[in-house]
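Grab a viewer and a coffee, and try a few exercises on this chain. Work each one yourself before reading its solution.

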Amino acid sequence: MVRKIINTIGTRAFSAVLNLLIAILISQYLGTIGKGQQGLIIATITYILVFSNLIGGSTLVYLAPRYGISALLLPSYSWTILMSVAFYFILQLTQLIDESFILDICLLSILSSFISIHSNLLIGLEKVKTANLLGFLQPFIILMVLLVFFIGGTKISINSYFIALFLSFGFVFILSIISLKKYSKTIIRNTHPFRELIKEMFRLGVLNQLAHIFQLLSFRMSYYWLGQVYTEAEVGIFSNGTSLIESVWLISRSISLVQYSRIVNMNNNQEAQKLTLDLSKLSFMISFLILLPMIFLPSSFYELIFGKGFGEVRSVIQSLAPGVLFLNLNIIISHYFSGTGKYHLNSIASFSGLIIAIPLFSWMIPAYGLWGSGLASSISYIITSMVILSYFRKESGIYLRDFLIKKQDLSQAKQLLKSSFLSKN
């Protein structure tokens with residue numbers, strides 16, 4: 001398991017660096033407004049994806065060992081296309097984004113969702129390295145295409161970003177099909193009635209994705225709110241600050257990916273709870289060390305990296321820091337509940353954060369701008385983490401003092417870091 005965690009952290013670290021380079025390129029060449037448009041494009045694709053995942057999301061990790069791959073593909077594909085068509089009309093009516101972007105966004109959402117379906121099925125079969133590779137290739141191809149366009153001076157516009165997304169998603173989609181076919185010998189033949197399967201997929205999907213929907217609304221609603229109250233320039237600044245500080249989560253998300261894959265194949269709840277506790281502390285420690293220097297970097301550093309007008313990225317990072325740190329606990333613990341089929345607890349925790357976020361956004365964004373948006377988000381993250389922590393304590397019998405960092409935990413973190421250099425992935 002340690003090797004899978006190290007491989008996942010390493011792959012996601014490289015992906016985070018690539019995404020940072022993409023953000024820098026777009027910021028430098030397209031400015032705050034162009035970066036704001038890019039932020040809204042990605043946020044909208046992500047919103048469509050989270051609804052597409054009502055059938056075909058991370059619950060496939062749980063279902064793949066139980067039902068097999070072939071039975072899960074058709075319902076997942078069909079629901080994805082249905083959701084993208086529905087959002088095409090919703091976006092036309094709401095005018096939350098530029099009308100000229102809508103069709104491209106919906107087509108990209110279909111490709112992105114198909115890739116996600118394949119990746120989750122691979123993880124369900126414990127092919128974590130293959131899924132990691134697919135995740136790494138997406139930003140790599142985007143970056144390469146943008147470098148050709150921007151540095152070559154041929155297509156310096158937001159349209160270049162759309163072309164890069166289509167090329168990246170298209171290539172990775174084809175590769176994901178090939179990868180899934182490679183493991184066709186491990187496919188379990190489904191003996192369950194089709195109607196029963198759909199019912200189970202939707203039941204688990206709704207329970208699981210409600211948490212993601214509520215969470216995403218808390219995470220990205222501020223983009224649209226800033227765009228309505230201020231301009232796309234503020235969205236650009238906030239999206240850069242958010243992307244930077246959320247890169248800290250690559251630790252907990254990498255750990256939780258392997259944790260989830262392991263827990264769905266476990267039969268011992270106490271062992272799963274102990275694993276979750278240890279990984280929560282490990283994630284928190286490493287994330288704290290990464291987060292610390294980001295808080296104290298001067299505004300001039302962010303202007304040097306992203307270009308003129310991005311100095312306020314520093315205040316965004318500072319306002320988000322407490323919530324981003326504490327949400328590490330939610331990321332790890334929520335994957336324990338997902339792995340044991342108790343998705344509704346994750347939904348309750350995420351909804352708690354959302355109902356706090358909405359009034360805070362309505363008050364703090366108009367009053368305090370970027371700082372208010374970050375602080376409101378931070379408070380929402382902390383509430384979400386505290387609620388999920390209370391459910392975990394109730395189920396496991398673990399005390400709050402058990403989450404305190406001890407000498408043994410420091411030794412464990414040191415050993416993992418040491419293994420990352422010695423292990424052959």
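Below are four exercises, each with a solution worked in steps.

Some ground rules to begin with. This is a predicted model, in which local features need pLDDT of at least 70 and side-chain atom pairs count only at pLDDT 80 or more, while totals for chains, interfaces and linings use all residues. Residues are numbered from 1 along each chain as its sequence is written, and side-chain values use heavy atoms, with hydrogens and water left out.

**Exercise 1.** Find where confidence in the protein chain is highest and where it is lowest.

*Solution.* Start with the overall score: pLDDT (the predictor's confidence in each residue, from 0 to 100) averages 84 for the protein chain, and 90% of the residues score at least 70. Next, go helix by helix, taking helices as DSSP runs of H or I with at least four residues, numbered from the N terminus. Helix H13 (residues 343–396) comes out highest with a mean of 93, and helix H14 (residues 407–422) lowest with 55. Finally, check residues 419–425: pLDDT stays under 50 there, and the model gives them 10 contacts beyond four places in sequence. Contact here means heavy atoms within 4.5 Å. Where pLDDT is low, don't read the predicted coordinates in detail.

**Exercise 2.** Decide whether Ser-15 is buried or exposed, then list its contacts beyond four places in sequence.

*Solution.* First locate Ser-15: it sits in helix H1 (residues 2–52). Its relative accessible area is 9%, so Ser-15 is buried (under 20%; exposed is over 50%, partly exposed in between, with a 1.4 Å probe and protein chains only). Now look further along the chain: Ser-15 touches Gly-135, Phe-136 and Pro-139. The C-alpha atom of Asn-132, 117 residues away along the chain, is 9.6 Å from that of Ser-15.

**Exercise 3.** Work out how helices H5 and H6 pack.

*Solution.* Fit lines to C-alpha atoms over the stretch in contact, and take the angle, from 0 to 180 degrees, between N-to-C directions. For H5 (residues 128–152) and H6 (residues 158–182) the angle is about 150°, with the axes 8 Å apart. H5 is therefore roughly antiparallel to H6 (over 145 degrees; under 35 is roughly parallel, 65 to 115 roughly perpendicular, the rest oblique).

**Exercise 4.** Do likewise for H8 and H12, and name the residues that meet.

*Solution.* The axes of H8 (residues 232–246) and H12 (residues 313–339) come within 9 Å and cross at roughly 45°, so H8 is oblique to H12. On the H8 side, the residues include Ile-237, Phe-238 and Leu-244; those they meet in H12 include Val-316, Ile-317 and Leu-320.

Note on methods:
Helix = DSSP H or I, 4+ residues; strand = E, 2+ residues; numbered from the N terminus.
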